[in-house]
Amino acid sequence: MAKPIKAALAGAGAFGLRHLDAIKEIDGVEVISLVGRELDKTKEAAAKYGVGHATTELADTLKLPGLDAVILAAPTQMHAAQSIQCLDAGKHVQVEIRLSDSLKDAEAVLARQKEVSLAAMVGHTRRFNPSHQYVHKRILAGAFNIQQMDVQTYFFRRTNMNALGEPRSWTDHLLWHHAAHTVDLFAYQCRSPIVKANAIEGPVHPTLGIAMDMSIQLKAENGAICTLSLSFNNEGPLGTFFRYIGDTATYIARYDDLYTAKDEKIDVSRVDVSMNGIELQDREFFAAIREGREPDASVAQVIPCYRVLGALEKQLQAR
């Protein structure tokens, strides 16, 4: 039997716990440390998941003997610096979306990964959701080609709360977080780089300091287009909804569910070994480490997304 991969998780918040739940389903992986902002809460979560070490300092975790890899789900402003910190310590790293909130920091992570040649992956979960995998497999088989994607990303976040209804220590962002999902997925599904991008935004929230509404247009080199609408002002329904308009069909993806244009549900339960996108994402990370290969959604693969986001940010700042 192969030696277990010893992993650590930095970030004991709502999303970090989803990774711990996912890893329980993956053979050959042992979580040996949990890093959190508040020590008491971190120790409580560690005890619940059977993790033997809890700390508030990532540096302490990186010193643990036998540690192979780290998953970062800490506040997003820390993602780039912590990714480099893990790579500097000789550890494989998976960082949750977003990789950074600036193009400069994203490029710095890529540069360091190239120097150390360790697995460095970003949590672009849409690549792994079975609904989007189904469409991707149709594209790879030559049975479907995207003409247009229409995407709505709608939440109600006029206060700075996380998915558990608890105060956040950081501020979410429509462009650098939620748009990143779709910008990357559009190019990934089209198998063609984005060559044109345009964005406009609504008023900035007086307290949060971010635009609460945004519209983005994209065009791929192969001619496919994408329209993305994002809002933190929408009262419902909440979530992200994708419409793939292609040459042979129309597909509607609602998280892990997929439908035809006639609203007929498509069975995607056999697309992969799980219906949990986070679990599939983590499986890919650990499989890449074992096999000594580049993971899907590696920093190198997703950096074009962040270059588009950087260009869009410049557009918005100039207006």
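# Exercises on a predicted model

In this predicted model, the largest nonpolar core comprises 95 residues, and I216, F286 and Y306 have the most contacts inside it. Helix α7, residues 174-190, gives the most to this core, with ten residues.

**Exercise 1.** Determine which residues F286 touches, leaving aside those up to four places away in sequence.

*Solution.* Begin with F286, one of the residues with the most contacts inside the core. Contact requires heavy atoms within 4.5 Å. With sequence neighbours up to four places away excluded, F286 touches I5, A7, I23, I26, V29 and I71.

**Exercise 2.** Identify the buried residues of helix α1 and the elements against which they pack.

*Solution.* Helix α1 spans residues 14-23. Buried means under 20% relative accessible area. The buried residues of α1 are A14, G16, H19, L20, A22 and I23. These buried residues pack against strands β1 (5-10), β2 (29-35), β4 (69-72) and β5 (92-96), and against helices α2 (39-49) and α8 (277-291).

**Exercise 3.** Trace the pairing from β12 through β13 to β14, and locate the residues with positive phi in the turns.

*Solution.* First, strand β12 (residues 250-254) runs antiparallel to strand β13 (residues 257-260), and four bridges join them. R254 has D257 in β13 as its bridge partner. Two residues lie between the strands of this hairpin, where Y255 takes a positive phi near 55 degrees.

Next, two bridges join β13 to strand β14 (residues 265-266), again in antiparallel fashion. Here Y259 has K265 in β14 as its bridge partner. Four residues lie between β13 and β14 in their hairpin, and D263 in the turn has a positive phi of about 65 degrees.

How values were computed:
Residues numbered from 1 in each chain as written. Predicted model: local features only at pLDDT ≥ 70, side-chain atom pairs only at ≥ 80, totals over all residues. Heavy atoms only, no water. Pairing = 2+ DSSP bridges. Core = buried A, V, L, I, M, F, W, Y, C linked by side-chain atoms within 4.5 Å. Buried < 20%, exposed > 50% of the residue type's maximum accessible area, 1.4 Å probe, protein only.
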